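Colleague: Thanks for sitting down with me. Could you show me the model and take me through the reasoning behind its labels?

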Amino acid sequence: MGFNAFSGAAGQDFSDLLRYTGERSEGRTADAQDCGAYSPEQLDAIVGPQRRWSWVEIDLSAIRNNVAVAKRRLSPGTRLMAVVKANAYGHGAVQVARTALSAGATQLAVATVSEGIQLRKAGIDAPVLVLSEPPIAAVPLLLRYNLMPSVYTSEFAVAYGEEADRHGLRAPFHLAINTGMNRIGVRFDEAVDFVRQIAFHRALEQVGTFTHFATADCAETLDFNMQLRRFKETIVSLRQVGVNPGLVHCANSAALLRYPETHMDMARLGISMYGFHPCPETRGYFDLRPALSVHARITAVNTPPMSEGVSYGMHYRSPGSVKICAVPIGYADGYARALSSRTSIIYDGHLCRQVGNICMDQCMFEVDLRSHGTHRRLDPHVGDEVLLVGAQNGVSVTIEDLCDVVGTIPHELCCALSLRMPKVYLR
Ligand SMILES: *Cc1c(COP(=O)(O)O)cnc(C)c1O
């Protein structure tokens, strides 16, 4: 069907020609796979940066440091829940979960059932909270893998309780309260009715009650205070009707660092565990260290004559006396196209301008060969390592720098940067 699209203007059909070349190349590929020259082990040993010269480095000692910073802020009896959703904000869920648990976290939070199962299959047995209510169809997975759901509809609660009951299992859950963010949760003034409505079910066990702040990271505190007041009042009313709310928690990173009155029984640490300040107000007060850096090796060095262009659209033209280095990282690796010509790449301890449009899988940067006062002349070669995010020799490019350019937050950039790039862990 698709081949007809290639018919020539004169009605000539090229489909036979196209099919013929396609079959030939497929045949060659199959031969190569079966050639027997390499054992599967040999091939599997060629990993990550050996397959492609770009990778993300995760410094687990930074995660340990950031967990310790949070722990010091909490009073000794308050538990710490490490939020490792979205593959630990791109840092690798299993590695981060293990590191956080060894550094003092006692519970984990994920966004999806599959993320929870991944932790269990890696042998992690700490309590795991799924931060929203999954489809009822996923209930057997919750029970089999001992994952606690957030609950806020009676349909789900009853289905969960009944399924557990059928197999003689408990059905532990955290009740999610909507105190004003209006994302998920039972509305604060309907919480008592909701709990009464599902209370008949013997397998259901309310082991926690939580809410989530929409503005804990904002300078303005009116909405934050309203949410906090509504949450506290809800907990009081639940207790007044004889409901044990279990572990009471509401703090995310911003609330954990800024507002000790939100700590209660447990705090949920996300973005600051990865080394990022939730807002400018916490800078200078807490020693958070980013765990993630982005690395690549130069794959090509060109010396285009003056006025020749570089990359799609040729928006950059060589001023002469520059070398243009290519690195194998592009917007499909989370290195957003909107960064084009608006960021730097660190080569040999120097900030070099990224130039030309960032492509899907590659991008280029400029090494200026004109002498810079006392600076030594840079001499880039294929295979030399560069830093796209990180610090070296007193210069740095941070995730926050990139966020300022593209108008986003570290959460989003970290997730995007890890989607295709291999990760290398430093212990
Ligand atoms: C993602 C998330 C967190 C973590 O928030 P950070 O701001 O990254 O600390 C905490 N609680 C809930 C419900 C979340 O969805």
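Colleague: Which residues of α3 and α5 meet?

Modeller: This is a predicted model. In it, Leu-60, Ile-63, Arg-64 and Val-67 of α3 touch Gln-95, Val-96, Thr-99 and Ala-100 of α5. By class, that contact has five nonpolar, two polar and one charged residues.

Colleague: What makes α3 oblique to α5?

Modeller: The axes of α3 (residues 60-73) and α5 (residues 93-102) cross at roughly 45°. Angles under 35 degrees would be roughly parallel, and roughly perpendicular runs from 65 to 115. The crossing falls in neither range, so α3 is oblique to α5. The two axes come within 9 Å, and the crossing is right-handed.

Colleague: Which residues of α5 are buried, and what covers them?

Modeller: Ala-93, Val-94, Val-96, Ala-97, Thr-99 and Ala-100 are buried in α5. Their cover includes α3, β2 (79-83), α4 (85-89), β3 (107-110) and α6 (113-121). Val-96, Thr-99 and Ala-100 also appear among the residues that meet α3.

Colleague: Why might residues three or four places apart point the same way?

Modeller: An α-helix has 3.6 residues a turn, so residues at that spacing share a direction.

Colleague: And what follows α5?

Modeller: Gly-104 does, with a positive phi near 125°.

Colleague: Let's move to the other helix pair. Why is α9 called oblique to α10?

Modeller: The same kind of test applies. The axes of α9 (residues 191-198) and α10 (residues 222-240) cross at roughly 40°. Roughly parallel needs an angle under 35 degrees, and roughly perpendicular starts at 65, so the label for α9 and α10 is oblique. Their axes come within 9 Å, and α9 passes α10 in a right-handed crossing.

Colleague: Which residues make the contact of α9 with α10?

Modeller: Ala-191, Val-192 and Val-195 of α9 meet Thr-234, Ser-237 and Leu-238 of α10. The classes are four nonpolar, two polar and no charged residues.

Colleague: Now the cysteines. How do you know that Cys-325 and Cys-352 are not bonded?

Modeller: The cysteine sulfur closest to that of Cys-325 belongs to Cys-352, at 7.4 Å. A disulfide calls for sulfur atoms within 2.5 Å, so this pair is too far apart for a bond. Cys-352 is likewise in no disulfide, and a search of the whole structure finds zero.

Colleague: Are Cys-325 and Cys-352 buried or exposed?

Modeller: Buried means under 20% relative accessible area. Cys-325 has 0%, so Cys-325 is buried. Cys-352, at 4%, counts as buried too.

Colleague: Where is Ala-216, and why is Ala-216 given the label that it has?

Modeller: Ala-216 lies in the loop between β8 (204-210) and α10. Its relative accessible area is 1%, under the 20% limit, so Ala-216 is buried. Leaving out residues up to four places away in sequence, Ala-216 touches Phe-224, Asn-252, Ala-254, Ala-255, Arg-258 and Tyr-259.

Colleague: How far is Ala-216 from Leu-419?

Modeller: They are 203 residues apart in sequence and 28 Å apart in space, C-alpha to C-alpha.

Colleague: Finally, what does the whole chain look like in numbers?

Modeller: The chain has 13 helices and 21 strands, and 49% of its 427 residues are buried. Its C-alpha atoms fill a box of roughly 80 × 65 × 45 Å along the principal axes. Of the contacts between residues at least 6 apart in sequence, 66% join residues at least 24 apart.

Key
Residues are numbered from 1 along each chain as its sequence is written. This is a predicted model: local features need pLDDT of at least 70, side-chain atom pairs count only at pLDDT 80 or more; totals for chains, interfaces and linings use all residues. Side-chain values use heavy atoms; hydrogens and water are left out. Axes are lines fitted to C-alpha atoms, for helices over the stretch in contact, and angles run from 0 to 180 degrees between N-to-C directions. Helices (H or I, at least four residues) and strands (E, at least two) are DSSP runs, numbered from the N terminus. Angles under 35 degrees count as roughly parallel, over 145 as roughly antiparallel, 65 to 115 as roughly perpendicular and the rest as oblique. A crossing is left-handed if the near helix is turned anticlockwise from the far one by less than a right angle, and right-handed if clockwise. Contact means heavy atoms within 4.5 Å. Ala, Val, Leu, Ile, Met, Phe, Trp, Tyr, Cys and Pro count as nonpolar, Asp, Glu, Lys and Arg as charged, and the others, Gly among them, as polar. Buried means under 20% relative accessible area, exposed over 50%, partly exposed in between (1.4 Å probe, protein chains only).
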